[in-house]
Amino acid sequence: MYAYIRCWNGRFKHTKHQVKEPTKGNMMKTILVFLVASILVVGCLGGNGKGHGHGQGRGHGGGHDHGLGGGLQVHYYQNRCGSMGWVEKTVKDIVWRKVAADPTLAAKLLRLHYHDCFVRGCDASILLDPTQNNTATEKTAGPNRSISGYEVIDEIKTKLEAACPKTVSCADILALAARDAVSFQVKREMWPVFTGRKDGRDSLASEVSGNLPSANANFTTLLTQFGNKKLNLNDLVTLSGAHTIGVSRCALVSRRLYNFTGKGDADPSLDPAYAQTLRKLCPTPVNPSTSLEMDPKSSLTFDSDYYRALNKHKGLFVSDAALLTNRRSALVAQVLENPAIFFAQFAKSMVKMGAVEVLTGGQGEIRKNCRVVNGK
């Protein structure tokens, strides 16, 4: 059996992978075939600015509707703001310049987009600052207090707003910036970003904990939370691969190292040598601000090393280890050690996540300032 993986930049690259026919009971090969065969149906839509859609966009734009959540489109801003691709190029130019100066921004902007989409959908509600009438917006919630990268979104918004007032949404900027930040290392668009999102008007810290997956969540909880966003098991395992870049803090793993069951013990699912390494980095009493690489020695490089570490029981979080507690999930994690499969599946899952509960058409608004609802 042969599978062909689609590439980016608007072209099909027929990369031929031979996969043996699965036999009864051979679940690993079955999942491999399934993943390779289903990889990145939309992968060639975002790269060179040439859409492949069949339906015309709504309104006066020339974009193509691809049936994603809420009717997101390729080149939504064509005829709305500059020439075709001008908005996307403007975002990319700023993001690439910023990431070149500070490579840690790739993980920060990806995390910002992820945290936004899991609460009220991809509506830029995480960007809203507290106000006198709402002192507890999403960004003030515990899991979001370490989020950064807001100033990059502000800079992009200022430039786009000067050229095309009240046209480009903060939600679209966030989705584009996350893609471009991760793509900087390979100098090509790693997944297509469909646009046309509107910005939400509400942001509540109280909605964060119930929607945003926790670093200490078990597999059942993770799968439920992803399912609530119309994301499946493959998306869960694949998007967890975002932990291949970025850092965390000792505070999030101290219980796993020192008091996992309340008896002064470590998590038995954690590789003992890795646990000892982490204890050296996070000695007691734990300094909660001490940083840890989520993917040791590879935290600035977007690759599939996360899965190699995970499959050796060296995932940093309880939520990472949880992926190995389900048979199908664990097998998917093995398959995703293959970089080509991981990159392609990650692209597909990011497109799905970027369409979660989006506001389009007459819903929401286009904020003038990403930190403030219009009229405030």
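A residue counts as buried when its relative accessible area is under 20%. His-75 has 11% relative accessibility, so it is buried. That cut-off runs through this report on a predicted model.

## Overall picture

The protein has 14 helices and 7 strands. Of its 376 residues, 52% count as buried. Contacts often span long stretches of chain. Among those between residues at least 6 apart in sequence, 69% join residues at least 24 apart.

## Unusual backbone

Most residues other than glycine have a negative phi, and most peptide bonds are trans. Some places here depart from that pattern.

His-75 is one of them. Its phi is positive, about 55°, although it is not a glycine. His-75 sits in the loop between β5 (73-74) and α2 (86-101).

Ala-124 also has a positive phi, about 60°, and is not a glycine either. This residue lies in the loop between α3 and α4 (150-163). Its relative accessibility is 0%, so Ala-124 counts as buried.

The peptide bond between Thr-284 and Pro-285 is cis, with omega about -5°. Pro-285 belongs to the loop between α10 (272-281) and β7 (291-293).

## A buried acid without a partner

What is the nearest side chain of opposite charge to Asp-116? It is Arg-367, 6.7 Å away. Asp-116 is buried yet has no salt bridge. A salt bridge needs a side-chain nitrogen of Lys or Arg within 4 Å of a carboxyl oxygen of Asp or Glu, so a gap of that length does not qualify.

Asp-116 is found in helix α3 (residues 105-117). Its side chain does reach a backbone atom: the nitrogen of Ile-126, at 3.4 Å. Residues up to four places away in sequence aside, Asp-116 touches Gly-121, Cys-122, Asp-123, Ala-124, Ser-125, Ile-126 and Leu-174. Ala-124, with its positive phi, is thus among the residues that Asp-116 touches.

## Salt bridges

Side chains of opposite charge can pair when their charged atoms come close. The count comes to 16 salt bridges. The table gives some of them.

| Pair | Closest N to O | Location |
|---|---|---|
| Asp-93 and Lys-89 | 2.7 Å | both in helix α2 |
| Glu-155 and Lys-98 | 2.9 Å | helix α4 and helix α2 |
| Arg-308 and Asp-305 | 2.6 Å | both in helix α11 (residues 305-310) |

Asp-93 and Lys-89 are 4 residues apart, about one turn of the helix. Both are partly exposed: Asp-93 has a relative accessible area of 37%, and Lys-89 has 47%.

Arg-308 and Asp-305 are 3 residues apart, also about one turn of the helix. Arg-308 is partly exposed at 31%. Asp-305 is partly exposed at 28%.

Glu-155 and Lys-98 form a salt bridge. This pair links distant parts of the chain, 57 residues apart. Glu-155 is partly exposed at 27% relative accessibility, and Lys-98 is partly exposed at 25%.

Some salt bridges share partners. They join Asp-129, Lys-139, Asp-154 and Arg-371 into one network.

## Aromatic rings

A pair of aromatic rings is described by the distance of the centres and the angle of the planes. The structure holds 12 aromatic pairs. In one of them, Trp-191 and Phe-346 have ring centres 5.6 Å apart and planes at 70°, so the pair is edge-to-face. Trp-191 lies in the loop between α5 (170-183) and α6 (208-211), and Phe-346 in helix α14 (residues 339-353), so the pair ties together parts that are 155 residues apart in sequence.

Are Trp-191 and Phe-346 buried or exposed? Both are buried. They also belong to a cluster linked by ring pairs, together with Phe-302, Tyr-306, Tyr-307, Phe-342 and Phe-343.

Charges sit over rings too. Arg-80 lies over the face of Tyr-76, 3.8 Å from the ring centre. The charged end of Lys-139 sits over the ring of Tyr-150, 4.0 Å from its centre. Lys-139 is also a member of the salt-bridge network.

## A packed alanine

Ala-275 is found in helix α10. It is buried, with a relative accessible area of 3%. Beyond neighbours within four places in sequence, Ala-275 is in contact with Leu-257 and Leu-270. Ala-275 and Leu-257 are 18 residues apart along the chain, and their C-alpha atoms are separated by 6.6 Å.

Terms used
Residues are numbered from 1 along each chain as its sequence is written. This is a predicted model: local features need pLDDT of at least 70, side-chain atom pairs count only at pLDDT 80 or more; totals for chains, interfaces and linings use all residues. Side-chain values use heavy atoms; hydrogens and water are left out. Helices (H or I, at least four residues) and strands (E, at least two) are DSSP runs, numbered from the N terminus. Buried means under 20% relative accessible area, exposed over 50%, partly exposed in between (1.4 Å probe, protein chains only). Lys and Arg count as positive and Asp and Glu as negative; His and the chain ends are not counted. A polar contact is a pair of N or O atoms within 3.5 Å; within protein, one must be able to donate a hydrogen and the other to accept it, and residues adjacent in sequence count only if both atoms are side-chain atoms. Contact means heavy atoms within 4.5 Å. Rings of Phe, Tyr and Trp (its six-membered ring) pair if their centres lie within 6.5 Å; planes under 30 degrees apart count as stacked, over 60 as edge-to-face and the rest as tilted. A charge sits over a ring if NZ of Lys or CZ of Arg is within 6 Å of the ring centre and within 35 degrees of the ring normal.
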